[in-house]
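Grab a viewer and work through these exercises, each with a solution you can check step by step. Try every task before you read on.

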2 protein chains.
Amino acid sequence: MSDDTKAKSQSLRAVDDIRSLIFSGELSAGSDHLESELAERLGMSRTPVREATLILESQNLLEVRPRRGVRILALSADDMREIYEVLTELESLAASLAADANYTEAELSKLRSAIDEMEACVKAGDREGWAQGDADFHDELVHLGGNKRIESIVSNFNDQVRRARAMTLRMRPMPSKSNEDHRKLYEAIARGDAKAARQIHWAHRSEAKDMLIELLNQHGLRRV
Amino acid sequence: MSDDTKAKSQSLRAVDDIRSLIFSGELSAGSDHLESELAERLGMSRTPVREATLILESQNLLEVRPRRGVRILALSADDMREIYEVLTELESLAASLAADANYTEAELSKLRSAIDEMEACVKAGDREGWAQGDADFHDELVHLGGNKRIESIVSNFNDQVRRARAMTLRMRPMPSKSNEDHRKLYEAIARGDAKAARQIHWAHRSEAKDMLIELLNQHGLRRV
DNA sequence: CAATAAGTTAACGTATACATTAATAAATCC
DNA sequence: GGATTTATTAATGTATACGTTAACTTATTG
């Protein structure tokens, strides 16, 4: 998926593998796992597994609990609020920065195609496809903001809420209004209106945040 | 400074020690250091040193470069811009959240005392003291925001710009206007005016950012 | 029977050994 | 002499060994 030629170190493979196991739910939220268990599972010694867990701990995907194994982190509603507050704020800043950058239409093509894709998926009732388009749109938006630190924080936080988002994807109504927001945001960026871009995206994200938390509450999901 | 009773692991000691060495400049920005060198310096084997470097790498304080040792990260003007963009944004959000929280005067006492201290230090011409008060003020502000993720990001980014801030502290004029901003922000938070709190802090931080970058440029500090 | 103490287990933290391989130096070739 | 190949070095990545000690069991006591 990532590289063929250059052999990755076991530690990095462990990071990737454990991440995948977390995202797929094979290591479920809240569960505990011993270093030796993970080492055996991944076919390597404890050393690279330990290194991987340290990295993943600093990414807030798990918690190293001496003698009790690593615990896969579960998010509370309050955690979701915190994460979405930050995501909302930083993505809005990125939108504002992107508008200030005065990109050409050509440079904004990825943004447009993501919007088009989402629109097609909404019509076709393809939730998974829409989610992919939405992710692409947000990634590209943040990228256009031109601040690598924002990219990195947003990417990390998105990792953390991945499971929750996947769950709510099936529970939420088809995101039809969402695309209007995206188009309006695109327009604002294209005409270099930073203030508008920021406001539009802020409102967009705030709604998404409220819906997510509402859905989790409705379905009694205390921790995900 | 942190704990007497419970013996910390060597790895955590290594994290603390290396951080100190970086902040003090003993490990200067841009310099390279082998694992074995650090291990000997800290009086431990490579294992805990390796673990520490992984943690510090994910905190963006250094970079692990296989076979060339760890490199202490130096920040460019662009890095500073990125960091301050994020700090400005997240601290402003924290200010807004703090205003929304409707704290009592009592709960805002730390904020007030930090302001008082800064004022006293400005009068006395005590730069170091002022910087401490400023740090306290910002820490408390972010804390009042009630979002642990913001606290953690802000704390990490502050670590990263610590050296640069220390350098410019001696070069900048005495921060007299700064305190007006702080008082105005305090007022806004006290009366629960989130919008104003956000704006005041945003402007305050933006000025600080511009001054810092300007100072670094003036003094020809390409990387710090 | 509850509470405490002693004993056992095993997970971790750390040191160490060692194979691998990038980086450097030396040697060779046009 | 410059470029390329070969040899050397040494820093790393990983496995493993092992002492320490928290967590768990069992035994003991009031």
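**Exercise 1. Find the residues that surround DNA strand C, and say which are the closest.**

Step 1. Around DNA strand C you should pick up 16 residues, and the closest are A:Glu35, B:Ser9, B:Gln10, B:Ser45 and B:Thr47. Being near here means that the C-beta atom, placed from the backbone, lies within 6 Å of the molecule or strand.

Step 2. Before going on, keep in mind that this is a predicted model, where local features need pLDDT of at least 70, side-chain atom pairs count only at pLDDT 80 or more, and totals for chains, interfaces and linings use all residues. Residues are numbered from 1 along each chain as its sequence is written, while chains are lettered from A and ligands numbered from 1 in the order in which they are written.

Step 3. Now ask which elements give two or more residues to this surface: helix 2 (35–42) of chain A, together with helix 1 (10–24) and helix 3 of chain B. Helices (H or I, at least four residues) and strands (E, at least two) are DSSP runs, numbered from the N terminus. Helix 3 of chain B gives the largest share, three residues.

Step 4. Sort by class and you get four nonpolar, seven polar and five charged residues near DNA strand C. The classes go like this: Ala, Val, Leu, Ile, Met, Phe, Trp, Tyr, Cys and Pro are nonpolar, Asp, Glu, Lys and Arg are charged, and the others, Gly among them, are polar.

**Exercise 2. Which residues come nearest to DNA strand D?**

Step 1. There are 16 residues around DNA strand D, and A:Ser9, A:Gln10, A:Ser45, A:Thr47 and B:Glu35 come nearest.

Step 2. Helix 1 (10–24) and helix 3 of chain A, plus helix 2 (35–42) of chain B, each put in at least two residues. Helix 3 of chain A has the largest share, with three residues.

Step 3. The class count for the surface near DNA strand D is four nonpolar, seven polar and five charged.

**Exercise 3. Describe where chain B touches chain A, then how helix 4 of chain A crosses helix 4 of chain B.**

Step 1. Count the contacts: 16 residues of chain B meet 17 residues of chain A. A contact needs two C-beta atoms, placed from the backbone, within 7 Å.

Step 2. On the chain B side, helix 3 (46–58), helix 4 (77–100) and helix 7 (148–160) each supply at least two residues. Helix 4 of chain B takes the largest share, seven residues. That side of chain B splits into eight nonpolar, two polar and six charged residues.

Step 3. Take the axes of helix 4 (residues 77–100) of chain A and helix 4 of chain B: they come within 10 Å and cross at roughly 130 degrees. Axes are lines fitted to C-alpha atoms, for helices over the stretch in contact, with angles from 0 to 180 degrees between N-to-C directions. So helix 4 of chain A is oblique to helix 4 of chain B. Angles under 35 degrees count as roughly parallel, over 145 as roughly antiparallel, 65 to 115 as roughly perpendicular and the rest as oblique.

Step 4. The crossing of these two helices 4, from chain A and chain B, is right-handed. A crossing is left-handed if the near helix is turned anticlockwise from the far one by less than a right angle, and right-handed if clockwise.

Step 5. The contact uses Glu85, Val86, Glu89, Leu90 and Leu93 from helix 4 of chain A and from helix 4 of chain B. By class, this contact has six nonpolar, no polar and four charged residues.

**Exercise 4. In what order do the strands of the chain A sheet lie?**

Step 1. Start with the pairs, where pairing takes at least two bridges found by DSSP. Strand 1 (residues 32–33) and strand 3 (residues 69–72) of chain A are antiparallel over two bridges, with A:Asp32 opposite A:Arg71. Strand 2 (residues 62–65) and strand 3 of chain A are also antiparallel, over four bridges, and A:Val64 stands opposite A:Val70.

Step 2. Put the three strands together and chain A has an open antiparallel sheet with the order 1-3-2. Strand 1 and strand 2 of chain A are at the edges with a single partner strand each, so one side of each lacks a neighbour in the sheet.
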